[in-house]
Amino acid sequence: MLEIDTIEEAAARVASASRIMVVGSSGAGKSTLSRYIAAHRDLDYFSIDRDVRWISGWAQRGRDEQRRILQDIVSRDRWVLDGSNPSTFEMRLPRTQLVIWMRLPRISCMMGVAKRVARHYGTVRPEMADGCREKLPDMEFLGYIWHFEKRHAPVFIRNFDLYGPEVPIFQVKSRAQASALLDLIGAAH
């Protein structure tokens, strides 16, 4: 895993990269950061939830269709891709120039989901597919967030090493650090 050590270096990489992958637990702020980067860098924004995985009514597209759509996205020249499913890292990482890993503490992620539900409950948020109204999280979803670091972070690291060993990765570990990164990206624009 090729780690970026400073927020300044991360902002400089954002300024020069044209294919950026943003990953992490639900509630970490992937979509907020991704949309901001896309707008400030004039890159196409794609959400795996909205553009690849879900269709109306919380139905999932078939796996083959998801992979076809994702292949079309990553074959483009300029994008920010928000979504964490490591089973598609082998498609995404070889085309990625920078990974931003939203690696916030689980309490911060839980609070992020609570704020998201409070803001969007019963409506479709911008990074979700049409007809997928925000709902109260169930125990399975909350468990995914609570155990993310223990269960999923090792899979991320393994996949980073397998499919993108030369792709630089910046780990955002707090909301304050995310905000500072946004400030630096905005100042560079």
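Before we look at anything, let me fix one word: a residue is called buried when its relative accessible area is under 20%, exposed when that area is over 50%, and partly exposed in between. Please also keep in mind that what we have here is a predicted model.

Let me start with the sheet, which is open and has six strands in the order β1-β8-β7-β2-β6-β3, with parallel pairing. The edge strands are β1, residues 2-3, and β3, residues 44-47, and each of these pairs on one side only.

Now I would like to stay for a while with β8, which covers residues 168-172 and runs parallel to β1, joined to β1 by two bridges. If you want to find those bridges in the structure, look for L2, whose partner in β8 is P168, and then for E3, whose partner in β8 is I169. β8 also pairs with strand β7, residues 98-102, again in the parallel sense, and here there are four bridges; one of the partnerships to look for is that of I100 with F170 in β8.

How many of the five residues of β8 are buried? Five of the five are, and the strand is described as mostly covered. In a regular strand the side chains alternate between the two faces of the sheet. In β8 we can go through the faces by name: P168, F170 and V172 lie on one side, I169 and Q171 lie on the other, and all of them are buried, so by the under 20% cut-off both faces of this strand are covered.

Moving along to the β3 end of the order, we find helix α4, residues 63-74, lying across β2 (19-24), β3 and β6 (79-82), and running at about 145° to β6.

Next, consider A38, which sits in helix α2, residues 30-41. Is A38 buried or exposed? Its relative accessibility is 6%, and therefore A38 counts as buried. Leaving aside neighbours within four places in sequence, A38 is in contact with L43, D44, Y45 and V80. The pair of A38 and V80 deserves a second look, since these residues are 42 apart in sequence, and yet their C-alpha atoms are 6.0 Å apart in space.

Finally, for a contrast with A38, let us turn to I107, which belongs to helix α6, residues 106-120. I107 has 52% relative accessibility, which means that I107 counts as exposed. Together with M111 and W146, I107 makes a nonpolar surface patch of about 300 Å².

Note on methods
Residues are numbered from 1 along each chain as its sequence is written. This is a predicted model: local features need pLDDT of at least 70, side-chain atom pairs count only at pLDDT 80 or more; totals for chains, interfaces and linings use all residues. Side-chain values use heavy atoms; hydrogens and water are left out. Patches are made of residues with over 30% relative accessible area and no salt bridge: like charges are joined within 9 Å, nonpolar side chains (Val, Leu, Ile, Met, Phe, Trp, Tyr) within 5 Å. Accessible areas come from the Shrake-Rupley method with a 1.4 Å probe; for residues, only the protein chains shown count as cover. A salt bridge is a side-chain nitrogen of Lys or Arg within 4 Å of a carboxyl oxygen of Asp or Glu. Buried means under 20% relative accessible area, exposed over 50%, partly exposed in between (1.4 Å probe, protein chains only). Two strands pair if DSSP finds at least two bridges between them. Contact means heavy atoms within 4.5 Å. Axes are lines fitted to C-alpha atoms, for helices over the stretch in contact, and angles run from 0 to 180 degrees between N-to-C directions.
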